[in-house]
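Work through the exercises below with the sequence and the coordinates open. Each task is followed by a solution in steps.

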Amino acid sequence: MNHRMIRYIISMFLRAEAAFMVLPIFVCLYYKDFDEILPFVCSIAMTLAAALLLGIKKPENDAVFARESFISVALGWILIALFGALPFYISGSIPNIIDCIFETVSGFTTTGATILDTVEHLPKGILFWRAFTHWIGGMGVLVFLLMLTQISEGNAMYIMRAEVPGPSVGKIAPRMRSNSLILYGIYTALTLLEAIILTAEGLTVFDAVTTAMSTAGTGGFSVRDLGIAAYGSPAVDWTVAIFMILFGINFNLYYLLIFGRLRQMLASEELKIYLAIIAAATVTISINVAGFYSSFGEAVRKAFFQVASIITTTGFSNVEFMAWPQFSRAVILMLLFTGACAGSTAGGIKISRIAIMAKAVYRSIHQLAHPHEVSCIKFEGKVVDRETRSFVCTYMTVFFLILFISTFFAMLQGHDFETSFSAMLSCFNNVGPALGLVGHSGNYNIFNGSIKLFMSLIMLIGRLEIFPVLILFMPSTWEKHS
């Protein structure tokens, strides 16, 4: 195992985080919150010190394979979460260190689960950092680093596979650095476009930018206690909902769109399923909750917003959906499972995995009736090989195993099943809001410190698609000859 390269990659993580912490300082200066600058300066100094201890000189042997990539990514994400919690703790904005860690992990993993009862009293610099963690975590820290550094193609591909959400990672440009530049270019452009539109719709620049960053990372942290509902604007609701859906689409498809390959983009099977689920869920919920609102148009707007928020795992809310009928809440629970498209900033199981599993089940049943018929599973016009099918099945099995163990752990602490199950599912799929006591009007402060730390780990496992974190804790990973 190349330990020096692992330390070097983790050091890159921390140096990038220290650079990211400079931006909130400018926000503090702009709003004349001079007392809030020192916590960020201290946090930057401590983060850089840790990076220097790990080493900033690239090793001569820079080979990185699957094992090194998984370890580097898992440890890197754990450390940026820990050091990213420092501004909250040093500033006193969140006095409890476990709560700081939970909030920061929730930010970087774009979960959006919070322990805060109110946020509007927090300094602007802290609120900016809180939303910015979503934006950083949405596309991935290493995708950003690959854009700026010269890492060999083979090494870069291993690293990207370990961090980018989805069953597989494909290249949209010949070189990984170009690939990362394109991804971040699209990501930044969409974020700026949303911020500009929200500003035109009446939001302050600060509110528009932080909302756009939270939307882009499909995170859901808001700078208002009432979330998006605080703006009381149907236009803002529609804008945020549409952009949530846009950020839930595989970014490779935007590359096709930019280069005029619209027909190829629209032919995406995953995109069709994604949009069909959104349409079906919106229609059924709208009909079910129509009597709760003054007009059917308002019911459609509320339903569309909430469907977009949950399926993309953003977690924004503009309505108390716990007051909706059981049917609508059941649909919301189903959406908590699905997630959006692979290669997007969204969490969740992903549409592609669900589609492959559904086709595999259908094929197995079909073969029982037609044992001599030779058939194959196709997705996105390509044959799904046995290895991919096996990996998807393994992922789903481990997913539900971890989910049920997590639920029982929460219930042992005295919480009811609805709250325990939906909260763990929400953390695992990086959604944020859940059902029961952690619905629209609740937060995760109802849980004790041990559950918060456990949920923080669950959020990291979910964001990194389970296996990097599990590999990190496997004894065989650290054996010299394995």
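**Exercise 1: Cysteines**

A search of the whole structure, which is a predicted model, finds 0 disulfides. Task: explain why Cys376 forms no bond with the closest cysteine sulfur, and state whether Cys376 is buried, partly exposed or exposed.

Solution.
- Step 1. A disulfide requires two cysteine sulfur atoms within 2.5 Å.
- Step 2. The closest cysteine sulfur to that of Cys376 belongs to Cys393 and is 16 Å away, so the pair is too far apart for a bond.
- Step 3. Cys376 has a relative accessibility of 48% and counts as partly exposed.
- Step 4. Cys393 is likewise in no disulfide, its nearest cysteine sulfur being that of Cys376. The relative accessible area of Cys393 is 35%, which makes Cys393 partly exposed.

**Exercise 2: Two threonines in helices**

Task: for Thr191 and Thr215, find the helix, decide whether each is buried or exposed, and identify the backbone oxygen that lies 2.7 Å from a polar side-chain atom.

Solution.
- Step 1. Thr191 sits in helix H10, residues 176-200. Thr215 belongs to helix H11, residues 205-216.
- Step 2. The limit for buried is under 20% relative accessible area. Thr191, at 9%, is therefore buried, and Thr215, at 0%, is buried.
- Step 3. For Thr191, a polar side-chain atom is 2.7 Å from the backbone oxygen of Tyr187. For Thr215, the backbone oxygen is that of Thr211, at 2.7 Å.
- Step 4. Leaving out residues up to four places away in sequence, Thr191 touches Trp135, Ala212, Met213, Ala216 and Phe247. On the same basis, Thr215 touches Glu194, Val240, Phe243, Met244, Phe247, Thr314 and Phe316.

**Exercise 3: The packing of H12 and H16**

Task: give the distance and crossing angle of the axes of helix H12 and helix H16, then list the residues that meet.

Solution.
- Step 1. Two packed helices are described by the distance between their axes and the angle between them.
- Step 2. The axes of H12 (residues 234-247) and H16 (residues 296-311) come within 9 Å and cross at roughly 30 degrees. The crossing is left-handed.
- Step 3. H12 contributes Pro234, Asp237, Trp238, Val240, Ala241, Ile242, Met244 and Ile245; from H16 come Val300, Arg301, Phe304, Phe305, Ala308 and Ser309.
- Step 4. Sorted by class, this contact of H12 with H16 has 11 nonpolar, 1 polar and 2 charged residues.

**Exercise 4: Positive phi in loops**

Task: locate Thr313 and Asn430, and give phi for each.

Solution.
- Step 1. Most residues other than glycine have a negative phi.
- Step 2. Thr313 has a positive phi, near 60 degrees, and is not glycine. Asn430, also not a glycine, has a positive phi of about 60 degrees.
- Step 3. Thr313 is in the loop between H16 and helix H17 (326-338). Asn430 is in the loop between helix H20 (417-428) and helix H21 (449-463).
- Step 4. Thr313 counts as buried at 0% relative accessibility, and Asn430 is buried at 1%.

**Exercise 5: Leu256**

Task: which residues does Leu256 touch beyond four places in sequence, and how many Å separate Leu256 from Gln413?

Solution.
- Step 1. Leu256 is part of helix H13, residues 251-258, and counts as buried at 10% relative accessibility.
- Step 2. With residues up to four places away left out, Leu256 touches Arg261, Leu262, Gln264 and Met265.
- Step 3. From C-alpha to C-alpha, Leu256 and Gln413 are 49 Å apart, with a sequence separation of 157 residues.

Methods:
Residues numbered from 1 in each chain as written. Predicted model: local features only at pLDDT ≥ 70, side-chain atom pairs only at ≥ 80, totals over all residues. Heavy atoms only, no water. Helix = DSSP H or I, 4+ residues; strand = E, 2+ residues; numbered from the N terminus. Buried < 20%, exposed > 50% of the residue type's maximum accessible area, 1.4 Å probe, protein only. Polar contact = N/O pair within 3.5 Å; in protein donor to acceptor, adjacent residues only side chain to side chain. Contact = heavy atoms within 4.5 Å. Axes fitted to C-alpha atoms, helices over the stretch in contact; angles between N-to-C directions. Left-handed = near helix turned anticlockwise from the far one by under 90°. Nonpolar A, V, L, I, M, F, W, Y, C, P; charged D, E, K, R; others polar.
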